[in-house]
Amino acid sequence: MDIGMLWYDDKADTTLVEKVTKAVEYYKNRYGVAPTFCYVHPRTLGKDGERIIGEVTIRPLRMVMINHFWLGVAEPKEKSKAPPKKKR
């Protein structure tokens, strides 16, 4: 994922599930499609590591600041970059 939406939520009285759910709803309303990935600072996930909330895979990424959520749609795997076959 190279492009996405950055969401900020520092409310101490809400859970990770609530924060991600709110961000996902905003993303859907704004862009018309549901995100499939959300990157967060590793401390946000704690020792749990990667997890899934609804249809969104939550992954740790050190470059994401604490209390930030980077949401987006996973890109399909790149097709083989082999040169095209020549016609005979």
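**A chat about the fold and helix α1**

Modeller: Read from start to end of the sequence, the protein chain goes β-α-β-α-β-β-β. Bear in mind that this is a predicted model.

Colleague: OK, so how many helices and strands are in the protein chain?

Modeller: The protein chain has 2 helices and 5 strands.

Colleague: Let's look at α1. How far apart are its end C-alpha atoms, and what should its 16 residues span?

Modeller: Helix α1 covers residues 16-31, and at 1.5 Å a residue it should span 22 Å. The end C-alpha atoms of α1 are 22 Å apart, so that agrees.

Colleague: Which residues in α1 are buried?

Modeller: In α1 the buried ones are L16, K19, V20, A23, V24 and Y27. They take up an arc of only 130 degrees around the axis, so they sit on the same side of α1.

Colleague: Why do residues three or four places apart point the same way in an α-helix?

Modeller: Because an α-helix has 3.6 residues a turn.

Colleague: And what do the buried residues of α1 pack against?

Modeller: They pack against β1 (5-8), α2 (42-45), β3 (51-53), β4 (56-60) and β5 (68-72).

Colleague: What follows α1?

Modeller: G32 does, and its phi is positive, near 75 degrees.

Colleague: Switching to the whole chain: what share of the residues count as buried?

Modeller: 30% of the 88 residues in the protein chain.

Colleague: What about the area the protein chain exposes?

Modeller: The protein chain exposes about 6900 Å², with carbon and sulfur atoms supplying 53% of it.

Colleague: And the contacts between residues at least 6 apart in sequence, how many join residues at least 24 apart?

Modeller: Of those contacts in the protein chain, 57% do.

Key:
Residues numbered from 1 in each chain as written. Predicted model: local features only at pLDDT ≥ 70, side-chain atom pairs only at ≥ 80, totals over all residues. Heavy atoms only, no water. Helix = DSSP H or I, 4+ residues; strand = E, 2+ residues; numbered from the N terminus. Expected span 1.5 Å × (residues − 1). Buried < 20%, exposed > 50% of the residue type's maximum accessible area, 1.4 Å probe, protein only. Arc of directions from axis to C-beta. Contact = heavy atoms within 4.5 Å. Areas by Shrake-Rupley, 256 points an atom, 1.4 Å probe, with all protein chains shown as cover.
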